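Here are a few quick notes for whoever picks this one up next. Have the viewer open while you read.

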Amino acid sequence: MIAVDKIAKRFGGLAVLGDVSFSVAAGEIVGLIGPNGAGKSTLFNILCGIIRADGGEITFEGRRIERLQPHRICRLGLTKTSQIVRVFAGMSVLENALVGALLHARTVSQARSEGRAALQRVGLAGSEELLASDLALVDRMRLELARALCTRPRLLLIDELMAGLNGPEVSTMLDLLRALRDEGITLIVIEHNMGALMRLCDRVLALDAGSIVAEGTPEAVSRDPRVVESYLGEKFARALNS
(Lines give C-alpha, C1' and ligand atoms only; values in the text may rest on other atoms or scores of the structure.)
Protein backbone atom coordinates (compact mmCIF):
# COMPACT_ATOMS: atom_id res chain seq x y z
CA MET A 1 0.00 0.00 0.00
CA ILE A 2 2.76 2.44 0.93
CA ALA A 3 6.49 2.26 0.26
CA VAL A 4 8.93 4.69 1.86
CA ASP A 5 12.39 4.80 0.29
CA LYS A 6 15.36 6.62 1.84
CA ILE A 7 13.41 9.50 3.35
CA ALA A 8 15.72 12.10 4.92
CA LYS A 9 15.04 15.32 6.81
CA ARG A 10 17.23 17.94 8.47
CA PHE A 11 16.25 20.98 10.49
CA GLY A 12 19.26 23.25 10.18
CA GLY A 13 22.25 21.26 11.38
CA LEU A 14 20.12 18.56 13.03
CA ALA A 15 19.53 15.36 11.06
CA VAL A 16 16.07 14.20 12.19
CA LEU A 17 15.60 11.37 9.68
CA GLY A 18 18.30 9.60 7.72
CA ASP A 19 17.47 7.30 4.79
CA VAL A 20 14.35 5.78 6.38
CA SER A 21 12.89 2.94 4.28
CA PHE A 22 9.98 0.58 4.93
CA SER A 23 6.74 -0.64 3.39
CA VAL A 24 3.29 -1.44 4.72
CA ALA A 25 0.86 -3.80 3.00
CA ALA A 26 -2.88 -3.23 2.80
CA GLY A 27 -4.66 -4.61 5.85
CA GLU A 28 -1.69 -4.44 8.22
CA ILE A 29 -1.48 -2.75 11.60
CA VAL A 30 2.11 -1.59 12.01
CA GLY A 31 3.48 0.00 15.17
CA LEU A 32 6.14 2.71 15.17
CA ILE A 33 8.11 3.02 18.41
CA GLY A 34 11.15 4.87 19.65
CA PRO A 35 12.33 7.35 22.27
CA ASN A 36 11.19 10.96 22.28
CA GLY A 37 13.01 12.84 19.53
CA ALA A 38 13.55 9.74 17.40
CA GLY A 39 11.70 11.32 14.46
CA LYS A 40 8.38 9.46 14.61
CA SER A 41 6.01 12.42 14.39
CA THR A 42 8.25 14.11 11.81
CA LEU A 43 7.96 10.98 9.68
CA PHE A 44 4.16 11.06 9.97
CA ASN A 45 4.13 14.73 8.97
CA ILE A 46 6.26 13.95 5.92
CA LEU A 47 3.98 11.08 4.88
CA CYS A 48 0.99 13.45 5.04
CA GLY A 49 2.73 16.30 3.21
CA ILE A 50 2.77 18.68 6.18
CA ILE A 51 6.58 18.70 6.11
CA ARG A 52 8.56 18.17 2.91
CA ALA A 53 11.42 15.66 3.02
CA ASP A 54 14.89 16.68 1.90
CA GLY A 55 15.28 13.46 -0.04
CA GLY A 56 13.70 10.10 -0.77
CA GLU A 57 10.49 8.80 -2.29
CA ILE A 58 7.02 7.90 -0.97
CA THR A 59 4.73 5.77 -3.09
CA PHE A 60 1.11 5.38 -1.98
CA GLU A 61 -1.02 2.88 -3.89
CA GLY A 62 1.28 3.14 -6.89
CA ARG A 63 1.51 6.95 -6.94
CA ARG A 64 4.41 9.15 -5.86
CA ILE A 65 3.19 11.59 -3.21
CA GLU A 66 6.25 13.15 -1.56
CA ARG A 67 5.74 16.45 -3.44
CA LEU A 68 1.97 16.67 -3.06
CA GLN A 69 0.20 19.14 -0.79
CA PRO A 70 -1.48 17.78 2.38
CA HIS A 71 -5.07 18.19 1.15
CA ARG A 72 -4.28 16.24 -2.03
CA ILE A 73 -2.68 13.42 -0.05
CA CYS A 74 -5.69 13.36 2.27
CA ARG A 75 -8.05 13.20 -0.69
CA LEU A 76 -6.11 10.18 -1.99
CA GLY A 77 -6.90 8.36 1.27
CA LEU A 78 -3.95 8.98 3.61
CA THR A 79 -4.54 10.99 6.78
CA LYS A 80 -3.50 11.13 10.42
CA THR A 81 -4.53 12.04 13.92
CA SER A 82 -2.42 14.57 15.83
CA GLN A 83 -0.10 13.80 18.74
CA ILE A 84 -1.53 16.83 20.54
CA VAL A 85 -5.32 16.62 20.26
CA ARG A 86 -6.52 19.55 18.17
CA VAL A 87 -10.24 20.14 18.11
CA PHE A 88 -12.03 23.32 17.08
CA ALA A 89 -12.98 24.30 20.62
CA GLY A 90 -15.64 26.86 19.69
CA MET A 91 -17.47 24.49 17.35
CA SER A 92 -19.84 21.67 18.18
CA VAL A 93 -18.76 18.04 18.12
CA LEU A 94 -20.72 17.47 14.90
CA GLU A 95 -19.26 20.59 13.27
CA ASN A 96 -15.77 19.27 14.04
CA ALA A 97 -16.63 16.03 12.25
CA LEU A 98 -17.98 18.00 9.28
CA VAL A 99 -14.52 19.51 8.74
CA GLY A 100 -13.39 16.06 7.67
CA ALA A 101 -16.59 14.96 5.95
CA LEU A 102 -16.75 17.98 3.65
CA LEU A 103 -13.56 16.81 1.93
CA HIS A 104 -15.59 14.31 -0.11
CA ALA A 105 -19.28 14.91 0.63
CA ARG A 106 -21.17 16.64 -2.17
CA THR A 107 -23.70 18.30 0.11
CA VAL A 108 -23.81 19.51 3.70
CA SER A 109 -26.61 17.02 4.32
CA GLN A 110 -24.40 14.15 3.20
CA ALA A 111 -21.54 15.49 5.34
CA ARG A 112 -23.82 15.64 8.38
CA SER A 113 -24.89 12.05 7.81
CA GLU A 114 -21.28 10.87 7.50
CA GLY A 115 -20.27 12.94 10.52
CA ARG A 116 -23.00 11.44 12.69
CA ALA A 117 -22.04 7.93 11.55
CA ALA A 118 -18.38 8.53 12.42
CA LEU A 119 -19.27 9.94 15.84
CA GLN A 120 -21.41 6.90 16.55
CA ARG A 121 -18.55 4.69 15.35
CA VAL A 122 -16.17 6.10 17.98
CA GLY A 123 -18.68 6.21 20.83
CA LEU A 124 -19.75 9.87 20.70
CA ALA A 125 -23.37 9.39 19.66
CA GLY A 126 -25.52 11.82 21.63
CA SER A 127 -22.72 14.38 21.96
CA GLU A 128 -23.20 16.02 18.56
CA GLU A 129 -24.40 19.39 19.84
CA LEU A 130 -21.91 19.74 22.69
CA LEU A 131 -19.06 22.19 22.30
CA ALA A 132 -15.82 20.36 21.61
CA SER A 133 -14.22 22.37 24.42
CA ASP A 134 -16.60 20.71 26.91
CA LEU A 135 -15.42 17.18 26.14
CA ALA A 136 -13.16 15.21 28.45
CA LEU A 137 -9.71 14.31 27.10
CA VAL A 138 -10.68 10.78 26.10
CA ASP A 139 -13.68 12.10 24.17
CA ARG A 140 -11.55 14.73 22.44
CA MET A 141 -9.32 11.87 21.30
CA ARG A 142 -12.37 10.06 19.98
CA LEU A 143 -13.45 13.23 18.18
CA GLU A 144 -10.01 13.55 16.60
CA LEU A 145 -10.36 10.00 15.31
CA ALA A 146 -13.92 10.58 14.08
CA ARG A 147 -12.84 13.65 12.10
CA ALA A 148 -10.05 11.63 10.48
CA LEU A 149 -12.46 8.81 9.62
CA CYS A 150 -14.75 11.32 7.92
CA THR A 151 -12.04 11.89 5.29
CA ARG A 152 -12.55 8.25 4.17
CA PRO A 153 -8.97 7.08 4.74
CA ARG A 154 -7.53 3.86 3.38
CA LEU A 155 -4.31 4.41 5.35
CA LEU A 156 -4.66 6.04 8.76
CA LEU A 157 -1.69 7.23 10.82
CA ILE A 158 -2.45 7.18 14.56
CA ASP A 159 -0.16 9.39 16.67
CA GLU A 160 -0.33 8.47 20.39
CA LEU A 161 -4.10 8.20 20.48
CA MET A 162 -4.00 6.21 23.72
CA ALA A 163 -1.86 8.63 25.73
CA GLY A 164 -3.42 9.28 29.13
CA LEU A 165 -6.12 6.61 28.81
CA ASN A 166 -6.80 4.15 31.63
CA GLY A 167 -6.88 0.37 31.20
CA PRO A 168 -10.53 -0.05 30.15
CA GLU A 169 -10.29 2.97 27.82
CA VAL A 170 -7.20 1.49 26.16
CA SER A 171 -9.00 -1.82 25.64
CA THR A 172 -11.96 -0.02 24.06
CA MET A 173 -9.63 1.90 21.74
CA LEU A 174 -7.82 -1.29 20.74
CA ASP A 175 -11.13 -2.94 19.86
CA LEU A 176 -12.05 0.08 17.74
CA LEU A 177 -8.73 0.09 15.87
CA ARG A 178 -9.01 -3.64 15.15
CA ALA A 179 -12.53 -3.08 13.84
CA LEU A 180 -11.28 -0.32 11.53
CA ARG A 181 -8.69 -2.71 10.12
CA ASP A 182 -11.40 -5.32 9.60
CA GLU A 183 -13.35 -2.69 7.65
CA GLY A 184 -10.42 -2.19 5.27
CA ILE A 185 -8.39 0.63 6.83
CA THR A 186 -4.65 0.04 7.11
CA LEU A 187 -3.05 1.51 10.24
CA ILE A 188 0.38 2.78 11.28
CA VAL A 189 0.38 3.52 15.00
CA ILE A 190 2.81 5.57 17.09
CA GLU A 191 2.35 4.57 20.70
CA HIS A 192 4.46 4.48 23.87
CA ASN A 193 2.13 1.96 25.52
CA MET A 194 4.08 -1.14 24.52
CA GLY A 195 1.60 -3.47 26.17
CA ALA A 196 -1.13 -2.07 23.92
CA LEU A 197 1.06 -2.34 20.81
CA MET A 198 1.92 -5.95 21.62
CA ARG A 199 -1.81 -6.73 21.60
CA LEU A 200 -2.62 -4.68 18.50
CA CYS A 201 0.11 -4.81 15.87
CA ASP A 202 1.14 -7.32 13.24
CA ARG A 203 4.60 -5.74 12.95
CA VAL A 204 6.61 -3.07 14.74
CA LEU A 205 9.24 -0.67 13.41
CA ALA A 206 11.69 0.79 15.93
CA LEU A 207 13.11 4.23 15.16
CA ASP A 208 16.10 5.72 16.97
CA ALA A 209 18.02 8.89 16.11
CA GLY A 210 16.26 9.09 12.76
CA SER A 211 16.98 5.53 11.59
CA ILE A 212 15.05 2.27 11.74
CA VAL A 213 17.04 -0.01 14.04
CA ALA A 214 14.68 -3.00 14.24
CA GLU A 215 11.66 -4.43 12.44
CA GLY A 216 9.57 -7.54 13.04
CA THR A 217 6.85 -8.99 15.21
CA PRO A 218 6.12 -7.10 18.43
CA GLU A 219 7.70 -9.91 20.44
CA ALA A 220 10.88 -9.97 18.36
CA VAL A 221 11.34 -6.20 18.38
CA SER A 222 10.77 -5.96 22.14
CA ARG A 223 13.67 -8.39 22.62
CA ASP A 224 16.02 -6.72 20.13
CA PRO A 225 19.14 -5.54 22.01
CA ARG A 226 19.17 -2.20 20.16
CA VAL A 227 15.56 -1.50 21.16
CA VAL A 228 16.15 -2.58 24.74
CA GLU A 229 19.20 -0.32 25.02
CA SER A 230 17.80 2.78 23.31
CA TYR A 231 14.16 2.66 24.36
CA LEU A 232 12.69 -0.05 26.58
CA GLY A 233 15.39 -0.74 29.15
CA GLU A 234 16.20 -4.26 30.33
CA LYS A 235 13.82 -4.27 33.31
CA PHE A 236 10.78 -3.23 31.28
CA ALA A 237 11.68 -5.54 28.38
CA ARG A 238 11.85 -8.51 30.75
CA ALA A 239 8.49 -7.60 32.29
CA LEU A 240 6.94 -7.14 28.85
CA ASN A 241 8.01 -10.59 27.70
CA SER A 242 7.43 -12.48 30.95
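The points below cover the main pocket and then the cysteines.

1. Before anything else, keep in mind that this is a predicted model. Every value here is computed from it.

2. If you're after a place to set up a grid box, start with the largest pocket, which comes out at about 610 Å³. It is lined by 23 residues, and those closest to the centre are Ile50, Thr79, Lys80, Ser82 and Glu144.

3. Where does the lining of the largest pocket come from, in terms of helices and strands? Helices H1 (40-47), H2 (70-76), H3 (93-101) and H5 (137-149) each give at least two residues, and so does strand S6 (78-80). On the domain level, domain 1 (1-77 + 157-241) and domain 2 (86-152) each put at least three residues into that lining.

4. As for chemistry, the lining of the largest pocket splits into ten nonpolar, eight polar and five charged residues.

5. On to the cysteines: how many disulfides does the structure hold? The count is zero. Take Cys48: its closest cysteine sulfur is the one in Cys74, and at 7.8 Å that is too far for a bond, given that a disulfide needs the two sulfurs within 2.5 Å. Cys150 also has Cys74 as the holder of its closest cysteine sulfur, but the gap is 11 Å, again too far for a bond.

6. Are Cys48 and Cys150 buried or exposed? Cys48 counts as buried because its relative accessibility is 6%, under the 20% cut-off. Cys150 is buried too, at 3%.

Methods
Residues are numbered from 1 along each chain as its sequence is written. This is a predicted model: local features need pLDDT of at least 70, side-chain atom pairs count only at pLDDT 80 or more; totals for chains, interfaces and linings use all residues. Side-chain values use heavy atoms; hydrogens and water are left out. On a 1 Å grid over the protein atoms alone, a cavity is a set of points where a 1.4 Å probe fits but cannot get out, and a pocket is an open set with protein on both sides within 12 Å along at least five of seven lines; lining residues have an atom within 4 Å of a point. Grid points are joined across faces, edges and corners, and a volume is the space filled by probe spheres set on the points. Helices (H or I, at least four residues) and strands (E, at least two) are DSSP runs, numbered from the N terminus. Ala, Val, Leu, Ile, Met, Phe, Trp, Tyr, Cys and Pro count as nonpolar, Asp, Glu, Lys and Arg as charged, and the others, Gly among them, as polar. Domain bounds come from an automatic or database domain assignment. Buried means under 20% relative accessible area, exposed over 50%, partly exposed in between (1.4 Å probe, protein chains only).
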